[in-house]
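Q: Could you show me how to read helix packing and a ligand site in a model like this one?

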Amino acid sequence: MAHDLVIVANRLPVDRVTGRDGETTWRRSPGGLVSAIEPVMRAGDGVWVGWPGGTEQHLEPFEIDGLHLVPLSMTAEEITEHYEGFSNATLWPLYHDVVAKPEFHREWWDAYTRVNERFAEHAAELAAEGATVWVHDYQLQLVPQMLRERRPDLRIGFYLHIPFPPAELFQQLPWRRQILEGLLGADLIGFQLPGAAQNFVRLVRQRVGHKTHRDRVHLPDGREVRAAAFPISIDAAGFEELASSEPVAERAAAIREALGNPRKIFLGIDRLDYTKGIHARLRAYGELVRDEHFSVEDAVFVQVAVPSREQVEQYRILRDDIDRLVGRLNGDLGRIGRPAISYLHSSYPREEMAALYRAADIMVVTPYRDGMNLVAKEYVACRIEEDGALVLSEFAGAADELRQAWLVNPYDINGMKAALLDAYRAEPKELSRRMKAMRKQIAQHDVKAWADSFLTSLADDGADTDARDS
Ligand code: G6P
């Protein structure tokens with residue numbers, strides 16, 4: 001069946017649930033992306049192509065809550081080389097300021113190309129004449145061009161959810177030109193921040209030699225590609241509603257109680273990733289307790305670390321590092337029944353996250369580099385009483401919008417300590433002044449607005465080009 005809108009992303013928006021009888025069923029994952037795109041998918045008879053996780057082969061297309069999903073299988077080797085290898089041990093660290101050293105392996109690149117090819121083939125088969133195809137993220141940067149070769153009639157959009165690095169770092173990549181050309185297959189390329197779009201345009205000029213003007217690239221065949229910022233957001237109203245519900249309020253109170261009703265709760269929620277700066281933030285908190293700025297009765301730190309990419313070496317090393325640090329800090333600072341840090345290596349449903357956000361007085365988001373960071377925005381959306389403090393890294397995309405947070409440089413431990421302490425001591429009036437402003441920003445720029453603005457822009461640019469052509 002041909003569809004007017006095709007979403008192409010490395011993952012399908014579902015989680016696999018294995019029942020007692022061993023049978024697999026699917027549950028919709030709670031991600032913001034799918035809820036944002038859902039109305040457009042329904043209206044445009046949309047379909048979503050992606051990997052459902054695992055190595056199961058020959059999966060049939062299926063429907064969940066009326067959404068058409070087309071699973072694309074990966075072999076164990078493709079998972080190792082395309083997903084864990086090129087996507088998450090080459091591109092991920094390279095695009096995040098080389099926080100870890102990227103590995104370059106030619107076999108990984110070959111697998112990345114093959115998997116991208118398969119995604120492009122599927123999308124080409126599913127798209128109706130003149131359809132819109134929206135490709136997502138760093139795992140699939142070759143798809144736009146591969147798709148255009150097969151289907152020049154399509155409107156192709158690409159959105160990068162993670163940072164796009166400065167030329168000085170991107171140039172390390174042995175396949176830099178292929179990646180740039182892959183992306184240029186799109187009509188519109190969306191980034192989180194204007195700086196990332198500028199990095200891209202500059203690289204295209206330098207490395208591919210195309211003419212550029214502001215946010216446009218002029219290709220030799222007359223086609224124009226636009227690169228611009230579309231900062232992603234969350235379902236703000238959905239989070240607010242959840243946070244306002246009775247069960248979540250009760251759960252938040254129960255969490256505080258279980259922690260011994262401390263005066264203040266610090267909270268970190270991250271995928272367990274070396275870009276997130278978990279180690280440095282826990283050290284900063286630990287030093288504040290050690291130096292008696294507050295005691296573990298006054299302030300505890302709850303750190304949720306969601307398991308992620310556990311087969312990739314850097315992630316294993318990080319896990320061991322964090323385990324060791326938490327053990328040491330609790331050993332040095334904790335009292336009986338009062339650990340300094342409550343460390344949870346687990347993922348939680350949205351309701352529990354909302355309860356944690358409501359329970360926490362100070363949210364600590366200190367990545368070394370982050371495309372956006374939706375946790376920061378979720379915290380703000382859940383602070384329905386307009387209190388609570390956000391300590392936020394300058395190097396998260398969210399810092400561009402959430403100016404009233406306590407902004408920190410995560411490499412500066414003393415600076416972070418000062419910000420944590422300042423947030424800890426802040427007067428209610430100060431907290432509410434800051435939180436009100438941030439809540440207004442999030443309410444006005446939610447994920448629906450993000451998806452609409454990207455898709456409208458993709459359609460309009462097409463209209464412009466068509467008008468010029470005729
Ligand atoms: C980041 C990426 C996404 C990715 C997600 C989870 O947000 O931008 O593309 O899906 O992390 O990572 P995973 O490797 O589990 O898909």
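A: Gladly, starting with a helix pair. Axes are lines fitted to C-alpha atoms, for helices over the stretch in contact, and angles run from 0 to 180 degrees between N-to-C directions. Helices (H or I, at least four residues) are DSSP runs, numbered from the N terminus. Here α8 (residues 236–244) packs with α13 (residues 374–382) at about 50 degrees, their axes 8 Å apart. Therefore α8 is oblique to α13; angles under 35 degrees count as roughly parallel, over 145 as roughly antiparallel, 65 to 115 as roughly perpendicular and the rest as oblique.
This is a predicted model: local features need pLDDT of at least 70, side-chain atom pairs need 80 or more, and totals for chains, interfaces and linings use all residues. Residues are numbered from 1 along each chain as its sequence is written, and side-chain values use heavy atoms, leaving out hydrogens and water.

Q: At what angle do α6 and α7 pack?
A: Helix α6 (residues 176–183) and helix α7 (residues 194–208) pack at about 120 degrees, with axes 10 Å apart. So α6 is oblique to α7.

Q: Which side chains have a polar atom close to a ligand oxygen?
A: A polar contact is a pair of N or O atoms within 3.5 Å. An N or O atom in the side chain of Tyr83 is 2.5 Å from a ligand oxygen, for Arg309 the distance is 2.9 Å, and for Gln139 a polar side-chain atom lies 3.1 Å from a ligand oxygen.

Methods
A polar contact is a pair of N or O atoms within 3.5 Å; within protein, one must be able to donate a hydrogen and the other to accept it, and residues adjacent in sequence count only if both atoms are side-chain atoms. Helices (H or I, at least four residues) and strands (E, at least two) are DSSP runs, numbered from the N terminus.
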